[in-house]
Amino acid sequence: MKAKKKDSIIVIEKMSKSYQMGDVTVHALKDVTLTIEPNQVTVILGPSGCGKTTLLNQIGGIDSPTNGKIYVNGTQIQSMNQGQLTKYRQDNIGFVFQFFNLIPNLTASENIEFVLEYVMNMPSKEVHSRSQELLDQVGLGDRGGHFPFQMSGGEQQRVSIARALSKNPNILLADEPTGELDYHTGKKILKLLTSFAREGRAVLIVTHNKELAKIAHKVLYLRDGKIANVEKNAKPMDIENLEW
Ligand SMILES: Nc1ncnc2c1ncn2[C@@H]1O[C@H](COP(=O)(O)OP(=O)(O)O)[C@@H](O)[C@H]1O
Ligand SMILES: [Mg+2]
(Lines give C-alpha, C1' and ligand atoms only; values in the text may rest on other atoms or scores of the structure.)
(Ligands and ions follow the chains in the order given, each with its own letter.)
Protein backbone atom coordinates (compact mmCIF):
# COMPACT_ATOMS: atom_id res chain seq x y z
CA MET A 1 0.00 0.00 0.00
CA LYS A 2 1.40 3.39 -0.97
CA ALA A 3 1.47 6.45 1.20
CA LYS A 4 -0.13 9.52 -0.31
CA LYS A 5 2.81 11.85 0.06
CA LYS A 6 5.63 10.09 -1.65
CA ASP A 7 8.30 12.50 -0.41
CA SER A 8 7.57 11.65 3.21
CA ILE A 9 9.33 8.86 5.07
CA ILE A 10 6.45 8.67 7.58
CA VAL A 11 2.78 9.40 6.94
CA ILE A 12 0.31 9.22 9.81
CA GLU A 13 -3.40 9.45 9.12
CA LYS A 14 -6.06 10.02 11.76
CA MET A 15 -4.25 8.07 14.42
CA SER A 16 -5.65 7.73 17.90
CA LYS A 17 -4.33 5.89 20.92
CA SER A 18 -6.33 5.18 24.04
CA TYR A 19 -5.38 3.29 27.17
CA GLN A 20 -7.96 1.55 29.31
CA MET A 21 -7.18 1.94 33.00
CA GLY A 22 -9.95 0.07 34.81
CA ASP A 23 -13.08 2.17 34.27
CA VAL A 24 -11.13 5.12 32.88
CA THR A 25 -10.15 5.55 29.24
CA VAL A 26 -7.10 7.76 28.69
CA HIS A 27 -7.14 9.33 25.23
CA ALA A 28 -3.40 9.89 24.79
CA LEU A 29 -3.53 10.71 21.05
CA LYS A 30 -6.58 12.00 19.18
CA ASP A 31 -6.89 12.01 15.41
CA VAL A 32 -3.24 12.78 14.72
CA THR A 33 -2.36 13.40 11.06
CA LEU A 34 1.20 14.33 10.13
CA THR A 35 4.11 13.65 7.80
CA ILE A 36 7.82 13.35 8.50
CA GLU A 37 10.30 14.12 5.75
CA PRO A 38 13.73 12.58 5.19
CA ASN A 39 16.85 14.76 5.49
CA GLN A 40 14.99 16.87 8.03
CA VAL A 41 14.94 17.43 11.75
CA THR A 42 11.39 17.40 13.08
CA VAL A 43 10.77 18.63 16.60
CA ILE A 44 7.62 17.57 18.41
CA LEU A 45 6.95 20.13 21.08
CA GLY A 46 4.47 19.98 23.89
CA PRO A 47 4.01 19.98 27.66
CA SER A 48 4.34 16.92 29.86
CA GLY A 49 1.50 14.44 29.37
CA CYS A 50 0.44 15.70 25.92
CA GLY A 51 1.28 12.38 24.22
CA LYS A 52 4.84 12.84 22.91
CA THR A 53 6.25 9.53 24.11
CA THR A 54 3.06 7.74 23.05
CA LEU A 55 3.49 9.14 19.54
CA LEU A 56 7.11 7.94 19.31
CA ASN A 57 6.14 4.50 20.60
CA GLN A 58 3.58 4.11 17.78
CA ILE A 59 6.08 5.20 15.11
CA GLY A 60 8.78 2.97 16.59
CA GLY A 61 6.53 -0.08 16.42
CA ILE A 62 6.74 -0.84 20.15
CA ASP A 63 3.05 -0.06 20.65
CA SER A 64 0.13 -0.02 18.22
CA PRO A 65 -2.53 2.64 17.70
CA THR A 66 -6.19 2.18 18.57
CA ASN A 67 -7.26 3.74 15.26
CA GLY A 68 -5.70 5.23 12.16
CA LYS A 69 -2.78 4.40 9.94
CA ILE A 70 1.00 4.74 10.03
CA TYR A 71 2.94 4.33 6.80
CA VAL A 72 6.71 4.12 6.78
CA ASN A 73 8.30 4.25 3.34
CA GLY A 74 4.87 3.46 1.93
CA THR A 75 4.21 0.36 4.04
CA GLN A 76 1.53 0.36 6.68
CA ILE A 77 3.23 -0.89 9.81
CA GLN A 78 0.07 -2.13 11.55
CA SER A 79 -0.39 -4.66 8.73
CA MET A 80 2.89 -6.35 9.71
CA ASN A 81 3.00 -9.59 11.68
CA GLN A 82 5.28 -9.87 14.75
CA GLY A 83 8.27 -11.07 12.73
CA GLN A 84 7.92 -8.29 10.17
CA LEU A 85 7.52 -5.74 12.95
CA THR A 86 10.71 -6.94 14.65
CA LYS A 87 12.55 -6.63 11.34
CA TYR A 88 11.01 -3.18 10.80
CA ARG A 89 12.39 -2.03 14.15
CA GLN A 90 15.78 -3.61 13.54
CA ASP A 91 16.18 -2.18 10.06
CA ASN A 92 14.69 1.28 10.53
CA ILE A 93 14.42 2.55 14.05
CA GLY A 94 16.95 4.04 16.46
CA PHE A 95 15.30 4.88 19.77
CA VAL A 96 16.72 7.22 22.40
CA PHE A 97 14.40 6.48 25.32
CA GLN A 98 13.38 9.20 27.74
CA PHE A 99 14.55 7.03 30.65
CA PHE A 100 17.51 5.54 28.75
CA ASN A 101 16.55 1.84 29.09
CA LEU A 102 20.14 0.67 29.32
CA ILE A 103 20.70 -2.96 30.31
CA PRO A 104 21.80 -2.60 33.96
CA ASN A 105 24.21 -5.53 34.11
CA LEU A 106 26.10 -4.54 30.94
CA THR A 107 28.74 -1.80 30.82
CA ALA A 108 28.35 1.27 28.60
CA SER A 109 30.46 -0.43 25.91
CA GLU A 110 28.60 -3.71 26.21
CA ASN A 111 25.22 -1.97 25.90
CA ILE A 112 26.36 -0.75 22.46
CA GLU A 113 28.30 -3.88 21.47
CA PHE A 114 25.20 -5.95 22.14
CA VAL A 115 23.34 -4.03 19.40
CA LEU A 116 26.28 -4.10 16.98
CA GLU A 117 26.82 -7.83 17.33
CA TYR A 118 23.29 -9.22 17.71
CA VAL A 119 21.14 -6.68 15.86
CA MET A 120 23.58 -5.41 13.24
CA ASN A 121 25.44 -8.74 12.90
CA MET A 122 28.81 -7.01 12.94
CA PRO A 123 31.79 -9.39 13.18
CA SER A 124 32.77 -9.82 16.86
CA LYS A 125 36.30 -8.56 16.35
CA GLU A 126 35.04 -5.22 15.04
CA VAL A 127 32.42 -4.41 17.64
CA HIS A 128 34.70 -3.10 20.37
CA SER A 129 36.45 -0.49 18.23
CA ARG A 130 33.10 0.63 16.79
CA SER A 131 31.52 1.01 20.24
CA GLN A 132 34.60 2.97 21.35
CA GLU A 133 34.17 5.28 18.35
CA LEU A 134 30.50 5.85 19.23
CA LEU A 135 31.32 6.54 22.87
CA ASP A 136 33.99 9.03 21.74
CA GLN A 137 31.35 10.81 19.63
CA VAL A 138 29.17 11.41 22.68
CA GLY A 139 32.15 12.43 24.82
CA LEU A 140 32.28 9.24 26.89
CA GLY A 141 35.38 7.60 25.46
CA ASP A 142 36.74 6.97 28.96
CA ARG A 143 33.53 5.54 30.44
CA GLY A 144 33.12 2.37 28.39
CA GLY A 145 33.76 0.15 31.40
CA HIS A 146 31.17 1.82 33.62
CA PHE A 147 27.88 0.18 34.45
CA PRO A 148 24.72 2.32 34.23
CA PHE A 149 24.53 2.69 38.05
CA GLN A 150 28.05 4.17 37.98
CA MET A 151 27.01 6.94 35.59
CA SER A 152 25.02 10.15 36.00
CA GLY A 153 21.66 10.56 34.25
CA GLY A 154 23.31 12.69 31.57
CA GLU A 155 26.00 10.07 30.94
CA GLN A 156 23.42 7.30 30.67
CA GLN A 157 21.47 9.48 28.27
CA ARG A 158 24.55 9.83 26.08
CA VAL A 159 25.18 6.06 26.11
CA SER A 160 21.57 5.64 25.05
CA ILE A 161 22.19 8.09 22.17
CA ALA A 162 25.37 6.26 21.11
CA ARG A 163 23.45 2.98 21.17
CA ALA A 164 20.68 4.42 18.96
CA LEU A 165 23.24 5.81 16.48
CA SER A 166 25.07 2.46 16.37
CA LYS A 167 22.28 1.12 14.17
CA ASN A 168 22.68 3.93 11.65
CA PRO A 169 18.86 4.00 11.53
CA ASN A 170 16.70 5.55 8.81
CA ILE A 171 14.53 7.00 11.54
CA LEU A 172 16.03 8.33 14.74
CA LEU A 173 13.47 8.83 17.50
CA ALA A 174 14.86 10.88 20.38
CA ASP A 175 12.65 11.32 23.44
CA GLU A 176 13.78 14.38 25.44
CA PRO A 177 17.41 13.64 24.44
CA THR A 178 18.83 16.70 26.19
CA GLY A 179 16.63 16.43 29.30
CA GLU A 180 19.52 15.44 31.57
CA LEU A 181 22.30 17.36 29.86
CA ASP A 182 24.05 20.59 30.79
CA TYR A 183 24.11 23.44 28.28
CA HIS A 184 27.43 22.65 26.57
CA THR A 185 26.96 18.90 26.40
CA GLY A 186 23.39 19.44 25.23
CA LYS A 187 24.58 21.56 22.32
CA LYS A 188 27.18 18.98 21.35
CA ILE A 189 24.60 16.19 21.42
CA LEU A 190 22.09 18.25 19.41
CA LYS A 191 24.75 18.85 16.76
CA LEU A 192 25.40 15.13 16.59
CA LEU A 193 21.70 14.23 16.41
CA THR A 194 20.82 16.86 13.80
CA SER A 195 23.85 16.00 11.65
CA PHE A 196 22.24 12.59 11.27
CA ALA A 197 19.35 14.03 9.20
CA ARG A 198 20.87 13.45 5.76
CA GLU A 199 21.30 10.65 3.23
CA GLY A 200 17.58 9.99 3.45
CA ARG A 201 17.42 9.70 7.23
CA ALA A 202 14.85 11.46 9.40
CA VAL A 203 15.46 12.75 12.93
CA LEU A 204 12.55 13.26 15.34
CA ILE A 205 13.25 15.07 18.57
CA VAL A 206 10.57 15.17 21.21
CA THR A 207 10.85 17.89 23.82
CA HIS A 208 9.00 20.31 26.08
CA ASN A 209 11.80 22.88 25.54
CA LYS A 210 10.48 25.64 23.24
CA GLU A 211 14.01 26.76 22.28
CA LEU A 212 14.57 23.52 20.39
CA ALA A 213 11.87 24.52 17.91
CA LYS A 214 14.48 26.84 16.37
CA ILE A 215 16.78 24.03 15.24
CA ALA A 216 14.07 22.10 13.38
CA HIS A 217 13.02 22.12 9.75
CA LYS A 218 9.53 21.35 10.97
CA VAL A 219 7.87 21.78 14.36
CA LEU A 220 4.75 19.86 15.34
CA TYR A 221 3.00 21.37 18.34
CA LEU A 222 1.24 18.67 20.33
CA ARG A 223 -1.44 19.74 22.83
CA ASP A 224 -3.61 17.34 24.77
CA GLY A 225 -3.04 14.52 22.25
CA LYS A 226 -3.72 16.64 19.17
CA ILE A 227 -1.54 18.41 16.62
CA ALA A 228 -2.33 22.04 17.43
CA ASN A 229 -0.01 23.64 14.89
CA VAL A 230 2.65 22.86 12.29
CA GLU A 231 5.47 25.29 11.61
CA LYS A 232 8.19 25.13 8.98
CA ASN A 233 11.58 26.78 9.27
CA ALA A 234 13.18 27.49 5.93
CA LYS A 235 16.50 27.90 7.70
CA PRO A 236 16.92 26.21 11.07
CA MET A 237 19.08 28.07 13.56
CA ASP A 238 22.73 27.16 13.95
CA ILE A 239 22.94 25.19 17.20
CA GLU A 240 25.96 27.25 18.25
CA ASN A 241 23.61 30.26 18.65
CA LEU A 242 21.00 28.38 20.62
CA GLU A 243 20.31 29.37 24.21
CA TRP A 244 18.16 27.58 26.73
N1 LIG B 1 0.93 2.65 29.02
C2 LIG B 1 0.07 3.58 29.43
N3 LIG B 1 -1.05 3.26 30.11
C4 LIG B 1 -1.93 4.20 30.49
N5 LIG B 1 -1.80 5.51 30.26
C6 LIG B 1 -0.72 5.91 29.60
C7 LIG B 1 0.28 4.99 29.14
N8 LIG B 1 1.25 5.68 28.49
C9 LIG B 1 0.87 6.96 28.54
N10 LIG B 1 -0.31 7.12 29.20
C11 LIG B 1 -1.03 8.40 29.43
O12 LIG B 1 -1.15 9.04 28.18
C13 LIG B 1 -0.91 10.44 28.30
C14 LIG B 1 0.28 10.84 27.43
O15 LIG B 1 1.47 10.30 27.98
P16 LIG B 1 2.91 10.48 27.33
O17 LIG B 1 2.84 10.09 25.90
O18 LIG B 1 3.88 9.75 28.18
O19 LIG B 1 3.13 12.06 27.44
P20 LIG B 1 4.45 12.94 27.28
O21 LIG B 1 5.54 12.06 26.75
O22 LIG B 1 4.07 14.05 26.37
O23 LIG B 1 4.78 13.46 28.65
C24 LIG B 1 -0.71 10.69 29.77
O25 LIG B 1 -1.94 11.08 30.33
C26 LIG B 1 -0.27 9.35 30.31
O27 LIG B 1 -0.62 9.20 31.67
MG1 LIG C 1 7.40 11.57 27.55
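**Notebook: strands, ligand shell and core**

I began at one residue pair: Tyr19 stands opposite Val26 in strand 2. I note at the outset that this is a predicted model.

I then looked up the pairing around that spot. Strand 1 (residues 10–21) and strand 2 (residues 24–36) run antiparallel and are joined by nine bridges. Two residues lie between the strands in this hairpin, and Gly22 there takes a positive phi near 65°.

Next I asked which sheet holds these strands and in what order. I found an open sheet of four strands, ordered 2-1-4-5, with antiparallel pairing. Its edge strands are strand 2 and strand 5 (75–76), each of which pairs on one side only. I checked the far end too: strand 4 (residues 67–72) runs antiparallel to strand 5, with two bridges between them. Tyr71 has Gln76 in strand 5 as its bridge partner.

I went on to ligand 1 and asked which residues surround it. I listed Tyr19, Met21, Val26, Ala28, Gly46, Ser48, Gly49, Cys50, Gly51, Lys52, Thr53 and Thr54. Strand 1, strand 2 and helix 1 (52–59) are the elements that give two or more residues to this shell. Helix 1 gives the most, with three residues. I sorted the shell by class and got five nonpolar, six polar and one charged residues. The pair I started from, Tyr19 and Val26, belongs to this shell.

For the interior, I looked up the largest nonpolar core, which has 63 residues. Val43, Leu173, Leu204 and Ile205 touch the most other members. I followed Leu173 and left out residues up to four places away in sequence. Leu173 then touches Leu56, Ile59, Gly60, Ile93, Gly94, Phe95, Val96 and Leu204. Leu204 thus appears both in that contact list and among the core members with the most contacts.

I closed with figures for the whole protein. I counted six helices and 10 strands. Of the 244 residues, 43% count as buried. I took contacts between residues at least 6 apart in sequence, and 68% of them join residues at least 24 apart. The C-alpha trace spans about 45 × 45 × 40 Å along its principal axes.

Why did I set the radius of gyration against a compact globule? I did so because a compact globule of 244 residues would have a radius of gyration near 18 Å, and the protein has 18 Å, which agrees.

Technical notes. Residues are numbered from 1 along each chain as its sequence is written. Chains are lettered from A and ligands numbered from 1 in the order in which they are written. This is a predicted model: local features need pLDDT of at least 70, side-chain atom pairs count only at pLDDT 80 or more; totals for chains, interfaces and linings use all residues. The radius of gyration is taken over C-alpha atoms; the globule rule is 2.2 Å times the number of residues to the power 0.38. A residue is buried if 20 or more other C-beta atoms lie within 10 Å of its own, exposed if 12 or fewer, and partly exposed in between; C-beta atoms are placed from the backbone. Two residues are in contact if their C-beta atoms, placed from the backbone, lie within 7 Å. Two strands pair if DSSP finds at least two bridges between them. A residue is near a molecule or strand if its C-beta atom, placed from the backbone, lies within 6 Å of it. Ala, Val, Leu, Ile, Met, Phe, Trp, Tyr, Cys and Pro count as nonpolar, Asp, Glu, Lys and Arg as charged, and the others, Gly among them, as polar. A nonpolar core is a set of buried Ala, Val, Leu, Ile, Met, Phe, Trp, Tyr and Cys residues joined through C-beta atoms within 7 Å.
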